[in-house]
Amino acid sequence: MKAYIVTLGCPKNLVDSEATASVLRKSGCDVTGDPSAADVLLVGACSFLESSWRETVDETKKLARFKRGSKRKRLVLMGCLPKHRGGNLESELPWVDHFLPTGAHARLPEMLAAWKDELPLARTLVLGDADRFAGFEARDLLTAPHTAYVKVAEGCNRKCTFCAIPLIRGRQVSRPADSIVREVDGLVARGVREVTLLAQDIVTYRDGSTRFADLVGRIAATGVEWVRIFYVHPAGLELRHIEPLFAHPAVCRYLEMPVQHSSSRVLERMQRGYDRAHVEALLASVRGAFPDVVIRSEVIVGFPGETDAEFEELKRFLGDFAFDSLGVFPYSPEPGTRAPALDGQLDPELIRERASEVTGLQEALSFAARSRFAGTELRVLIDRAPDADEPASAGRFYGQAPDIDGEVFVTGDARVGEFADVRITETDVFDLCGEVIPALGTKEQ
């Protein structure tokens, strides 16, 4: 049998798709890039915003066309959406044959066997006792071969009123440290230069007596050249949690830390577990200890009850603390969350206006943040070679995460998958431009 896989949404879904491919291959099912040749059509769907639902409908309808005239082909919807959208999916998406919740990809071998033997199988399956980390250690990479995501935990124990992740992915389960280190060892042996560690609340990772700082130390010892950390929840976070991480030269001085708002009252309604004073002290201490740190964050605008004064406070906060980059999300009610029941729901048009205003403000702040790198020398991991549309190579420095932040456009001798020392000659809102610094003993051409 052959399977075709489409991944929608965040890096966590991408890792799940990679693990799915590994599980399928071990079961004798090859993965193909041609949906017309596939017996199984798999969609790993996101459920973060309403737009994700529309994207899923469009993608599954498109793939359903490949089932016409064949009784053997199956279309399976995986990822966050099956658990989040609930029991109406079977009627809302009648062209989908089966629904598989996130983490249940280990059940695919039994599904393949049932299809092969024409045995009955429920349309909606459950996680059950399936190994949610199956296939992670030696999986097929869907990223460029020099960079990889590594999931260290699944789920979340926080109770944010706007967030559906605990409903979708359950309470946090930390992956065994030995398994993670074996995976990174294997990735390094395959030529991976950068790993991005993934968890919703990564600093709370714990496997027995192994805490997150211990895990990072073991990962750094594998010889991987860059370690990037996603996501650092601000609640309870202090400088003492960051210092042992940044003590390793391999760990990029880059924090993805979603503050969500600056108003203590709004943060309390969000049930984030901290107030503005905590965020201010945390940012000041981290930047004081590590002046070269790059901090990316996210904010939600238009949260229920957000007043005009609190919105103005948010803008002043962003101006004062100037994140290097910022994701700006207009509040939208998510099924199963508690925020839609809060008083003070705002008009959607007002929410869009506020989001647009913050986005414009952040562009100016990002431009100023990037300008500090002008004239500096940075180590850049090259992702793309020049082509007809772009005469420069493209890569990233430590302050740019793959597929999220901007790039560094590089002229000179630079090879994909390798590091190059680059002198930055120009900066913009998202991107940098520079030229390769010739190695000692070579001549510039």
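User: What stands behind an accessible area, and how much does the protein expose?

Analyst: Accessible areas come from the Shrake-Rupley method with a 1.4 Å probe; for residues, only the protein chains shown count as cover. Here the protein exposes about 19,300 Å². Carbon and sulfur atoms supply 51% of that area. This is a predicted model: local features need pLDDT of at least 70, side-chain atom pairs count only at pLDDT 80 or more, and totals for chains, interfaces and linings use all residues. Residues are numbered from 1 along each chain as its sequence is written, and side-chain values use heavy atoms, with hydrogens and water left out.

User: How many helices and strands are there in the protein?

Analyst: Helices (H or I, at least four residues) and strands (E, at least two) are DSSP runs, numbered from the N terminus. The protein has 13 helices and 20 strands. Its radius of gyration, taken over C-alpha atoms, is 23 Å. The globule rule is 2.2 Å times the number of residues to the power 0.38. For 445 residues that rule gives 22 Å, close to the 23 Å of the protein, so it is as compact as a globular protein of that length.

User: What share of the residues counts as buried?

Analyst: Buried means under 20% relative accessible area, exposed over 50%, and partly exposed in between (1.4 Å probe, protein chains only). Of the 445 residues, 54% count as buried.

User: Which residues of helix α8 are buried, and why do they line one face?

Analyst: Start with the general idea. An α-helix has 3.6 residues a turn, so residues three or four places apart point the same way. Now the case. Helix α8 covers residues 212-220, and Phe 212, Leu 215, Val 216, Ile 219 and Ala 220 are buried there. Seen down the axis of α8, these buried residues fall within an arc of 135°, so they line one face of the helix. The arc is that of the directions from the helix axis to the C-beta atoms.

User: What do the buried residues of α8 pack against?

Analyst: Contact means heavy atoms within 4.5 Å. The partners of α8 include α7 (177-189), β9 (194-198) and α9 (239-246).

User: Which strands pair with β17?

Analyst: Two strands pair if DSSP finds at least two bridges between them. Strand β16 (residues 377-384) runs antiparallel to β17, with 3 bridges joining them. Leu 381 stands opposite Arg 396 in β17. Strand β18 (residues 408-411) also pairs with β17 in the antiparallel sense, over 3 bridges. There, Ser 393 stands opposite Val 410 in β18.

User: Are the faces of strand β17 covered or open?

Analyst: Both faces of β17 (residues 393-396) are covered. Ser 393 and Gly 395 are buried on one side, Ala 394 and Arg 396 on the other.

User: How many aromatic pairs are there?

Analyst: Rings of Phe, Tyr and Trp (its six-membered ring) pair if their centres lie within 6.5 Å; planes under 30 degrees apart count as stacked, over 60 as edge-to-face and the rest as tilted. The count comes to 11 aromatic pairs. Take Phe 133 and Phe 136: their ring centres are 5.7 Å apart and their planes at 80°, so the pair is edge-to-face. Phe 317 and Phe 321 form a tilted pair, 5.0 Å centre to centre, with 35° between the planes.

User: Where do Phe 317 and Phe 321 lie?

Analyst: Both lie in helix α12 (residues 308-321), 4 residues apart, about one turn of the helix. Phe 317 counts as buried at 1% relative accessibility. Phe 321 counts as buried at 16%.
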